[in-house]
Amino acid sequence: MQQEFRDKKLRGERITALTAYDYPTARLLDESGIDLILVGDSVGMVVLGYEDTTQVTLAEMVHHTRAAARGVKSALLVADLPIHTYDDPTQAVSSARALVEAGAQAVKLEGGVSHLPQIEAIIAEDIPVMGHIGMLPQSVREEGGYKVKGRTQAEAEALVRDGLAVEKAGVFSIVLEIVNPEAARQITSALTIPTIGIGSGVQCDGQILVTHDLIGLFPWFTPKFVSPEARVAEEIRKAVQIFIGRTKAGE
Ligand code: KIV
C-alpha cells in the first residue's frame, strides 16, 4: 500500500479522499471511485451532535468503522484513533487492533514528532498508519479554535520536520489540516509520501473533505474552505414538508 500511494505521487496522480461513517455513504463513495474512505472522528460533530471530536470514544469509532466497512469493496478504509486512545505505544497498538478487527485497513492519528513511539509501535504490528499534522482537531480546546498553521517560515519548517519524522517512522500518507498553502507546498515537496490536504491549498498530493460538508448535509456550519456541491439538507427538508403536507391532507 505504501508503494501504491508513493507511486501515485510520483506519477502526479491526485489522491481523492472523503469521510463516511455508515454503510450507505461508504458504499456510495466506493461505487463513485474514491481512493480512500476515512471513518473520521469528525463523526462526533456531524453525526453524533458533539461540539467537537474530543468526546468521541473508541467504542463509537469501532461501531461506525464496522458499518462503513460493510459498504467498501475497492477504496482504502482508514479509521481515526480517537483522543486518549493512543497516549502510549501499548494503548495505541491495542486501539489500532480494535479498529482493524472492525474492518479498517489502516488507522490515522494526530501528531508529528510527539507521537513517533506510537506510530512505530502500530507499524511494527503490520498495521498501516496515516499521519495528521497542522491543525489537530483533538487539541481544539487547548488551541482555542480552528486556526491556520504554518503562517510563519519557522512554523512551516517545524511542520516539515514533523512530516519528515512521521514519514521516516513509516506512515504511508499524511493529512495536512488547515495549513497555510505555502507551508503545505513546502511539506509536499519535502516528502516522498503523499500529502492529503484539507483547507491547505491546491499544492497537496490529494484532497480530503468531510462528506457532510461537500454535500451540504450539515447546514448549521460549513468550513470557509468548502464549496458544497449539493444541498442535501434542503432536499431532506423539502421531502419531509411534502410528506407532512400529504399526511395531514389525508392522502
Ligand atoms: O475526522 C476527520 O474527518 C478528519 C478529516 C477532517 C481529515 O480527520
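**Note on the ligand site and the pockets**

1. The largest pocket has a volume of about 730 Å³. It belongs to a predicted model. Its lining comprises 31 residues, and those closest to the centre of the pocket are Met 45, Tyr 146, Glu 177, Pro 223 and Phe 225.

2. Three elements each give two or more residues to the lining of the largest pocket: the helix α3 (43–46) and the strands β6 (173–177) and β8 (206–209). By residue class, this lining divides into 18 nonpolar, eight charged and five polar residues.

3. Which space does the ligand take? The ligand occupies the largest pocket. The shell around the ligand consists of Thr 19, Leu 38, Gly 40, Asp 41, Ser 42, Asp 80, Lys 108, His 132, Val 175, Ile 198 and Val 210. Membership of this shell requires a heavy atom within 4 Å of the ligand.

4. The shell around the ligand divides into four nonpolar, four polar and three charged residues. Leu 38, Val 175, Ile 198 and Val 210 are its nonpolar members. Asp 41, Asp 80 and Lys 108 are the charged ones, while Thr 19, Gly 40, Ser 42 and His 132 count as polar.

5. Polar side-chain atoms approach oxygen atoms of the ligand from several residues. For Ser 42, a polar side-chain atom lies 2.5 Å from a ligand oxygen. For Lys 108, the distance between an N or O atom of the side chain and an oxygen atom of the ligand is 2.8 Å. For Asp 80, a polar side-chain atom is 3.1 Å from an oxygen atom of the ligand. How much of the ligand does the protein bury? Of the 260 Å² that the ligand exposes when taken alone, the protein buries 96%.

6. The second largest pocket has a volume of about 190 Å³. Which residues lie nearest the centre of this second pocket? Among the 14 residues that line it, Tyr 86, Glu 110, His 115, Gln 138 and Ser 139 lie nearest its centre.

7. The lining of the second largest pocket divides into eight polar, three nonpolar and three charged residues. In the largest pocket, by contrast, the corresponding counts are five polar, 18 nonpolar and eight charged.

Notes:
Residues are numbered from 1 along each chain as its sequence is written. This is a predicted model: local features need pLDDT of at least 70, side-chain atom pairs count only at pLDDT 80 or more; totals for chains, interfaces and linings use all residues. Side-chain values use heavy atoms; hydrogens and water are left out. A polar contact is a pair of N or O atoms within 3.5 Å; within protein, one must be able to donate a hydrogen and the other to accept it, and residues adjacent in sequence count only if both atoms are side-chain atoms. Accessible areas come from the Shrake-Rupley method with a 1.4 Å probe; for residues, only the protein chains shown count as cover. On a 1 Å grid over the protein atoms alone, a cavity is a set of points where a 1.4 Å probe fits but cannot get out, and a pocket is an open set with protein on both sides within 12 Å along at least five of seven lines; lining residues have an atom within 4 Å of a point. A molecule sits in a cavity or pocket if more than half of its atoms lie within 2 Å of its grid points. Grid points are joined across faces, edges and corners, and a volume is the space filled by probe spheres set on the points. Helices (H or I, at least four residues) and strands (E, at least two) are DSSP runs, numbered from the N terminus.
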